[in-house]
Each structure stands twice: as C-alpha cells, then as structure tokens.
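Here's an informal walk through one model, going feature by feature. Have the viewer open and follow along.

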Amino acid sequence: MDTLLTAEVAANSPRFRRKSSTFVDAIHDMPETGEMAPAQLYSTESGRLFHSGRIAIVTVGLPARGKTHLSVALARYLRWLGVKTRVFHLGDYRRQHVGDGKDVPDDYFFVNASASTVLLRQKILKKCRDDIYHFLNHENGQIAIYDAVNPLAAGRRSLAREFAKHDVETLFIESACYDERIIEENVRSVKISSPDYIGWSADDAVKHYLARISAKIPHFESMEETDLNYIKMINAGERISVNNCSFGYLSHRIVFYLLNLHIKSRHTYFARAGSSSEEDSYKADASLSEEGVEYAQKMGETLIRHRERERQALIDRGGPDVPPKMLTVWTSTRRKAVETSQYLYENGYRVRQRSQMSQLNPGVCEKKSERRIRLEYPEEVAKHEADPYHHRYPRAESYHDLAVRLEPIILELEREQNDLLIIAHESVLRVLYGYLMACNATDIPSLLFPRDEIIEIIPASYNNEATRIKIPGIHEKIIPPSPEDIRIPVPPSGAITPIRLDSSSPKTNTNATGTPLNGFATPLEPGDGQQLLIERALRD
C-alpha cells in the first residue's frame with residue numbers, strides 16, 4: 001500500500017507551491033492562470049465571478065477545534081466551483097520564519113510573551129497580511145481564508161476595519177467545541193498531520209499541543225459581536241449560529257456548504273464496478289460477467305481485511321480496542337455497480353444507490369472503436385484533443401457536465417459520517433477523486449482506476465492523502481480501464497492509478513518504448529484532413 005503522490009513527485013511538479021508544507025493533495029497549490037475549475041459555470045477576464053465582491057474569511061477558535069480542517073474543506077469546495085480561493089495558514093508563516101514546532105520560542109503561544117517574541121509574532125503576522133492583500137489586489141483573488149486563532153473581540157473588530165479599507169468584506173467563522181471526545185480526536189489528528197510534529201513521539205506531541213490550548217483558554221472570547229458577519233459552528237456541525245449583517249451570494253453559498261460539513265474523521269474508498277457481460281454497451285445496462293462476479297467478491301474481501309488490519313494497527317499504537325467505524329456503500333443505479341456491491345450487502349453492510357452517479361453518457365460514440373470515431377467525426381476528435389474535459393461528442397456528456405451533475409453527491413459526501421465505499425464507473429470516480437484531491441480540470445480525464453486496486457483517501461486537517469490497496473487474483477483481462485470510456489488518445493491500460501498522465505505534449509502520449517498511445521503509428525495532428533484519417537485507419 002503506497003502513497004500515490006510522494007514528496008519527490010510533488011516537489012518536481014510545475015504547479016507545486018514551494019512554501020507549502022504539504023506534498024499529498026493539491027489544495028495548497030494554485031491552478032495555472034486561465035485554467036477553469038472542474039465545476040465552474042463561466043469564466044471572466046478578471047478571474048472573479050460577477051455576482052460577488054472580494055471576501056476575507058477569518059477563522060476563530062481555540063486550537064484543536066477544527067479551524068484548519070474547515071478552512072481547507074471550504075477552499076476545496078469554492079475552488080471546485082471556480083471561485084479563486086487561497087488559504088493563508090498563519091502556522092505556515094511561523095514555520096517559514098522559525099522552523100518546526102521544536103524551534104518555536106517557549107513563550108510564543110502565550111499572551112504575556114517577551115518583547116522579542118511579540119516582535120517576532122508581529123513580523124510573521126505582517127507577512128501573512130501582506131500576502132493576503134497581494135492575492136486580493138494583484139492576483140485577482142476573490143476569497144482569502146485567514147486561518148488563525150483570532151481570540152479577542154477587539155482584535156477581530158480591528159481586523160474587519162482594516163479589510164474594509166481595502167474594499168474587502170470580512171466573514172468570521174468560529175469553530176467552537178465543547179465535546180471532549182471531538183477535541184481529543186482532533187488533537188490526535190493534528191499530531192499525525194501537522195508539519196509541527198514530524199518526528200515527534202505521540203505522547204510528546206499530544207502533551208505539547210494540549211499545552212498550547214491551555215495557554216490560550218483564559219484569554220479567548222467567543223464570537224458575540226452583533227456588528228460583524230459571522231458563522232459559529234458548534235461541536236463539529238451539531239449546531240450552527242449565523243449573524244448576518246450584509247451577506248451576499250457567496251456568503252450564502254458558504255453557509256449552505258457549512259450546513260453539510262462536519263469535521264469528524266472518515267475514510268473514503270473508491271472501487272470500479274465489475275466488468276459486465278456487454279462491456280462495450282452503455283444502453284444495455286448489462287449484468288456482471290463471470291469475471292465481474294469474481295471481482296466483486298475479491299474486492300469486498302480485500303476491503304474487509306484491510307479495515308481490520310488498520311484497526312489492529314491503531315490498537316498496536318496504543319489506540320482504543322473498539323470496532324472499526326461503520327462502512328456505508330454507495331453505488332450508481334447501473335446494474336453492474338449494484339451487483340458489485342452484492343457481496344458486501346450479504347455481509348451486512350448498508351448499500352445505497354445514487355442515480356446521479358451514473359457514468360458519463362458516450363452519445364453517438366457508444367460501441368464505436370477509436371478508429372471509427374476518428375473516421376466519422378474528425379472535427380469532434382480535434383476539439384476533444386484540444387479540451388478533453390469540456391468537450392462533448394454529439395448527444396453525449398462532457399466531464400464538466402458530469403461534475404455539475406455530481407454536486408449533490410459531493411454535498412452528501414461531506415455530510416456522511418461513516419466510512420464510505422463508492423462503487424461506480426471510472427468516469428465518476430475520476431470526478432469525485434478530483435474533488436477530494438483538488439485536481440485541476442485538465443487532470444481529471446487522465447486519472448486511471450484499474451480494477452486490481454481500491455483507492456483509499458485519508459482525510460486530515462491540513463490535506464488529504466491517497467493510498468492504493470492491491471486486490472490479489474484479479475483476472476488480467478478486466479484490470480485495464482473500461483472500453484466504455486471515450487479516451488482519445490487512449491491512455492495506457494497498465495498505468496498506476498490515479499495519477500495524471502504526462503501532458504507536456506498536447507498531441508499525443510507515448511509509452512515507455514516511445515510508441516504513441518493514440519492507437520496510431522504517428523501522432524494525429526488536429527489539422528489533418530479526412531483523407532489522411534482514412535489512410536491511417538486503413539493502415540491500422
């Protein structure tokens with residue numbers, strides 16, 4: 001079981017933001033200029049949506065209350081919708097100046113700090129604020145999320161006045177928690193995921209973090225300022241209080257999203273539906289083939305064993321000896337997806353069908369080979385190769401259409417508190433994985449999910465991490481990506497999943513031997529004529 005995106009891969013990525021301390025999920029990397037978000041309905045020259053101004057979202061709350069989790073989750077959703085959003089973690093700026101948690105001055109987190117420590121904090125704070133203003137004023141940013149404790153009412157009012165001078169609306173979001181079990185779970189999560197505690201023992205990290213909390217409790221003031229816009233989340237979404245002074249469109253969308261969000265830990269698993277008896281037909285909605293039935297059982301057995309191993313590993317690390325978290329299974333309403341869940345259903349797991357999770361509709365391309373598609377629709381092929389995410393073939397869906405269709409599923413996913421297994425077609429898994437791992441729109445059509453792997457996404461406060469779980473004994477002929485997908489050029493069937501293919505050349509991809517992967521001996525130029533298409537098809 002390996003991490004899909006390693007530190008080395010991320011560090012070499014052209015979009016990797018060097019000052020980010022995460023290497024797993026792309027939520028802290030900014031998309032390239034001019035690139036549309038997966039579920040963005042329109043774009044503008046400025047990069048901002050027409051119906052809203054600029055907003056500074058300011059978090060409020062003691063440590064271990066879920067502020068960072070909330071900030072990252074909200075940024076993930078807003079960027080998915082095409083709102084140019086960036087998170088500014090004050091802790092990142094502290095680590096830039098003084099290193100990890102062991103190098104911080106002893107009194108750094110205390111109110112009555114020494115003069116030198118106060119000057120250090122002011123220097124760090126100024127750098128963070130300057131970057132916020134630069135993002136909003138010079139990078140066409142629309143929402144800046146300022147992730148810090150912000151404990152005092154006087155400081156919050158001063159902050160709102162300062163942002164107003166820059167014509168920026170301020171929305172405060174407080175994460176309040178009075179449930180000791182949630183606080184302890186958050187402390188354990190921060191101990192594992194925070195860059196401050198890399199290399200620390202579990203006991204030392206928890207002890208140090210609890211000391212931070214104790215230092216701030218006597219000086220913290222909960223949000224009660226009636227003259228400010230604020231949202232107060234209590235006990236991880238158990239109750240929400242809203243003080244609305246001047247909410248606009250985006251503020252109301254944020255409230256709507258937070259009504260569906262919780263900050264409790266949950267693992268999400270992705271698995272392909274098994275192969276069907278008519279694998280190349282979308283309309284037939286065929287039952288599982290013999291190999292597909294075998295796959296469904298082996299996939300279910302592998303997942304059950306993996307979850308039990310994870311539970312035992314937690315106990316070995318000193319965790320509680322309790323049953324694993326309940327697992328809910330979601331499938332599309334397609335027959336092969338439902339039948340793939342049958343083994344788990346018979347073993348007592350709850351299965352729910354979601355009509356929105358049906359695969360991407362291939363339209364006129366159903367049951368046609370790539371050669372025939374290129375022969376009959378050369379102009380559409382050229383458009384598809386130029387933009388495989390937004391292009392749709394006649395009477396078909398694009399990946400963008402699918403992403404918009406899946407928004408209710410994304411909100412349901414955020415609301416789900418059990419561990420979750422999603423069984424669906426590869427096109428649906430690509431889009432949902434793209435949301436959870438903050439992929440760009442151009443990445444999504446190239447994500448691969450062979451059937452001999454289950455993808456596990458492990459959430460943490462700062463970023464998500466994806467791993468793959470190998471399913472042994474799967475028949476080789478059903479492992480490659482499904483032939484129902486429209487893939488032009490065709491991606492390699494044996495690639496490790498789910499990573500983005502090399503897109504340095506927009507014309508073609510090649511395998512390890514240099515052979516093009518579009519089914520032809522030479523790359524197909526978008527400008528090639530009909531005669532050349534026919535000649536190449538005949539040669540093939």
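Is Ala-438 buried or exposed? Ala-438 counts as buried, because its relative accessibility is 16% and the cut-off for buried is under 20%. Keep in mind that this is a predicted model. You'll find Ala-438 in the loop that runs between helix 16 (426–436) and strand 11 (453–458). Its backbone is worth a look too: Ala-438 isn't a glycine, yet its phi is positive, at about 55 degrees.

Asn-140 is another non-glycine residue with a positive phi, here of about 60 degrees. Asn-140 also belongs to a loop, the one between helix 4 (115–138) and strand 3 (143–147). With a relative accessible area of 30%, Asn-140 is partly exposed, because that class covers what lies between the 20% and 50% cut-offs. If you want a contact to check, try Lys-84: its C-alpha atom is 7.7 Å from that of Asn-140, with 56 residues separating the two along the chain.

A positive phi turns up in a hairpin as well. Strand 5 and strand 6 form that hairpin with four residues between them, and Asn-235 in the turn has a positive phi of about 50 degrees. The strands themselves, residues 230–234 for strand 5 and 239–243 for strand 6, pair in the antiparallel sense over five bridges. To line them up on screen, put Met-233 opposite Ile-240 of strand 6.

Here are the residues with a positive phi discussed so far.

| Residue | Phi |
|---|---|
| Asn-140 | about 60 degrees |
| Asn-235 | about 50 degrees |
| Ala-438 | about 55 degrees |

Now for the rings. How many aromatic pairs does a search of the whole structure find? The search comes back with eight aromatic pairs. One of them is Tyr-77 with Tyr-257: the ring centres are 4.4 Å apart and the planes sit at 10 degrees, so this pair is stacked. Tyr-77 lies in helix 2 (residues 67–80) and Tyr-257 in helix 8 (residues 249–258), so the pair ties together parts that are 180 residues apart in sequence. Both partners are out of the solvent by the accessibility count: Tyr-77 is buried at 1% relative accessibility, and Tyr-257 is buried with a relative accessible area of 0%.

Elsewhere, Phe-270, Tyr-433 and Phe-449 make up one aromatic cluster. If you like cation–ring geometry, go to Trp-330, where the charged end of Arg-354 sits over the ring, 4.5 Å from its centre.

Cysteines next. The disulfide count is zero. Cys-177 is buried, with a relative accessible area of 6%, and Cys-365 is buried as well, at 5%.

Last stop is helix 5. This helix covers residues 153–165, 13 residues in total, and reaches 19 Å from its first C-alpha to its last, close to the expected 18 Å. Which of its residues are buried? They are Ala-153, Arg-156, Leu-159, Ala-160 and Phe-163. Looking down the axis of helix 5, these buried residues fall within an arc of 120 degrees, so they line one face of the helix. The face turned away from that buried side carries the exposed residues Ala-154, Arg-161 and Lys-165.

Technical notes. Residues numbered from 1 in each chain as written. Predicted model: local features only at pLDDT ≥ 70, side-chain atom pairs only at ≥ 80, totals over all residues. Heavy atoms only, no water. Helix = DSSP H or I, 4+ residues; strand = E, 2+ residues; numbered from the N terminus. Buried < 20%, exposed > 50% of the residue type's maximum accessible area, 1.4 Å probe, protein only. Pairing = 2+ DSSP bridges. Phe/Tyr/Trp six-rings, centres within 6.5 Å; stacked < 30°, edge-to-face > 60°. Lys NZ or Arg CZ within 6 Å of the ring centre and 35° of its normal. Disulfide = S-S within 2.5 Å. Expected span 1.5 Å × (residues − 1). Arc of directions from axis to C-beta.
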